[in-house]
Protein chains: 2
Amino acid sequence: MINDQTKNKPPFEAESVVFKALNHPVRLAILEVLRDGEHCVCHLSAYLGQRQSYISQQLIVLRESGLVQDRRDGWNVYYSVVNSLVFEIVDGVRALSGAEASTLPIAQTECTCPSCSSKKSN
Amino acid sequence: MINDQTKNKPPFEAESVVFKALNHPVRLAILEVLRDGEHCVCHLSAYLGQRQSYISQQLIVLRESGLVQDRRDGWNVYYSVVNSLVFEIVDGVRALSGAEASTLPIAQTECTCPSCSSKKSN
DNA sequence: TAATCATATTCAAATCCGTGAATATGATTA
DNA sequence: TAATCATATTCACGGATTTGAATATGATTA
């Protein structure tokens with residue numbers, strides 16, 4: 001039980017919560033970025049070239065569906081996936097749909113958060 | 001490439017087509033019924049207690065997303081899943097969401113199609 | 001406590017989706 | 001070809017989703 005929206009609901013509602021969260025290009029892109037571990041909102045925003053408030057909106061959907069979790073560290077909030085099974089699902093759907101190995105809408109800007117700056121890569 | 005909606009589209013559109021098709025209680029219920037092989041529309045309609053035209057609408061979505069295929073035999077049209085990987089995905093999402101093993105909205109009426117009548121079960 | 005930083009929230013408009021109702025299509029049989 | 005059967009399609013409306021814009025919140029530092 002990874003979210004609280006699954007109790008006493010019509011059949012398949014619990015699954016719908018997850019499918020709904022995954023049915024969105026930007027949210028899928030966010031998950032792709034999170035494949036290699038946690039990232040802060042500012043990094044996701046810069047990397048995906050989307051406004052911060054918009055990324056926040058999508059992160060909230062992902063968080064409320066139970067797919068990601070957040071952790072605050074000073075100024076930054078770092079998001080990560082709760083259960084890596086989600087990647088198997090995404091990969092499965094990708095295989096089903098015959099899509100290529102995900103062409104990410106990449107890196108418009110540099111993220112200036114501490115962890116990104118220290119890495120100094122990507 | 002199991003559907004035609006995956007070419008020259010924005011990133012993750014192909015995956016979205018599948019996620020969208022799966023994000024629907026009745027369509028998930030239909031897939032559950034199709035776990036044990038092909039079934040005609042009248043059976044799905046009777047078994048799930050939904051009007052035939054409504055089941056048809058949902059089957060069209062599933063078919064256009066490439067998840068199911070149809071086969072005509074006389075009066076009846078039989079639907080079946082194209083790739084059983086879809087069940088692994090559904091099961092994965094179910095595990096992820098912590099849902100129970102799918103409580104189907106079951107059997108209101110009897111289907112009178114040839115294949116159902118001959119089986120004379122369920 | 002005031003300024004600053006990253007992040008979250010609210011609001012509204014446009015679009016999309018779900019679904020009932022009615023009806024069309026197309027194969028089959030008489 | 002007319003009747004009948006299973007299935008498919010169209011239409012319309014109400015509700016949900018998407019997304020830009022503006023702003024709020026809350027932690028941190030000076």
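Chain A and chain B bury about 3100 Å² between them, and 75% of that area lies on carbon and sulfur atoms. Keep in mind as you look around that this is a predicted model. Each partner brings 37 residues to the contact: 37 come from chain A and 37 from chain B. If you would like to find some of the main contributors on the chain A side, look for A:Phe12, A:Phe19 and A:Leu96. Together they supply 27% of the area that chain A buries against chain B, more than any other three residues.

Let us now follow chain A by itself. Its secondary structure comes to six helices and three strands. Starting at the N terminus, you will meet the elements in the order α-α-β-α-α-β-β-α-α. Of the 122 residues in chain A, 48% are buried. The chain also brings together residues that are separated in sequence: among its contacts with a separation of 6 or more, 61% join residues 24 or more positions apart.

A good place to see burial at work is helix H2 of chain A, which covers residues 25–33. Eight of its nine residues are buried, so the helix is largely enclosed by the rest of the structure. The buried ones are A:Val26, A:Arg27, A:Leu28, A:Ala29, A:Ile30, A:Leu31, A:Glu32 and A:Val33. Notice that this list includes A:Arg27 and A:Glu32, which count as charged residues.

Let us pick out A:Ile30 from that helix. Leaving aside neighbours within four places in sequence, A:Ile30 is in contact with A:Leu44, A:Leu48, A:Ile55, A:Gln58, A:Leu59 and A:Leu62. One of these partners, A:Gln58, is found in helix H4 of chain A, residues 52–64. Is A:Gln58 buried or exposed? Its relative accessibility is 7%, so A:Gln58 counts as buried, because the cut-off for buried is under 20%. Beyond its close sequence neighbours, A:Gln58 touches A:His24, A:Val26, A:Arg27 and A:Ile30.

A:Ile30 also has a place in a bigger picture. The largest nonpolar core holds 61 residues, and those that touch the most other members are A:Leu22, A:Ile30, A:Leu67, B:Leu22, B:Ile30 and B:Leu67. Which element gives the largest share of this core? That is helix H5 of chain B, residues 85–97, with seven residues. There is also a second, separate core of six residues, which includes B:Cys40, B:Cys111, B:Cys113 and B:Cys116.

Now turn to the DNA, beginning with strand C. DNA strand C is surrounded by 22 residues, and the closest are A:Cys42, A:Ser56, A:Tyr79, B:His24 and B:Tyr54. Of the atoms of strand C that come within 4 Å of the protein, 66% belong to sugar and phosphate. You can zoom in on a few individual approaches. A polar side-chain atom of B:His24 lies 2.8 Å from a phosphate oxygen of DNA strand C, while A:Val77 uses a backbone N or O atom, 3.1 Å from a phosphate oxygen of that strand. A:Asn76 has a side-chain N or O atom 3.2 Å from a sugar or linking oxygen of DNA strand C. Helix H3 (41–48), H4 and strand E3 (76–81) of chain A, together with helix H4 (52–64) of chain B, are the elements that give two or more residues to the surface near strand C. H4(A) provides the largest share, five residues. By class, the surface near DNA strand C has nine nonpolar, nine polar and four charged residues.

Finally, look at DNA strand D. Here 22 residues lie around the strand, and A:His24, A:Arg51, A:Tyr54, B:Ser56 and B:Tyr79 come nearest. Sugar and phosphate make up 64% of the strand D atoms within 4 Å of the protein. A polar side-chain atom of A:Arg51 is 2.7 Å from a phosphate oxygen of DNA strand D, and one of A:Trp75 is 2.9 Å from a sugar or linking oxygen. A:Ser53 reaches towards a base instead: a polar side-chain atom of A:Ser53 lies 3.4 Å from a base nitrogen of DNA strand D. For this strand, H4(B) gives the most to the nearby surface, with five residues. That surface has nine nonpolar, nine polar and four charged residues.

Terms used
Residues are numbered from 1 along each chain as its sequence is written. Chains are lettered from A and ligands numbered from 1 in the order in which they are written. This is a predicted model: local features need pLDDT of at least 70, side-chain atom pairs count only at pLDDT 80 or more; totals for chains, interfaces and linings use all residues. Side-chain values use heavy atoms; hydrogens and water are left out. Helices (H or I, at least four residues) and strands (E, at least two) are DSSP runs, numbered from the N terminus. Buried means under 20% relative accessible area, exposed over 50%, partly exposed in between (1.4 Å probe, protein chains only). Contact means heavy atoms within 4.5 Å. A residue is near a molecule or strand if one of its heavy atoms lies within 4 Å of it. A polar contact is a pair of N or O atoms within 3.5 Å; within protein, one must be able to donate a hydrogen and the other to accept it, and residues adjacent in sequence count only if both atoms are side-chain atoms. A nonpolar core is a set of buried Ala, Val, Leu, Ile, Met, Phe, Trp, Tyr and Cys residues joined through side-chain atoms within 4.5 Å. Buried area is the accessible area (1.4 Å probe) that two parts lose on being put together, summed over both.
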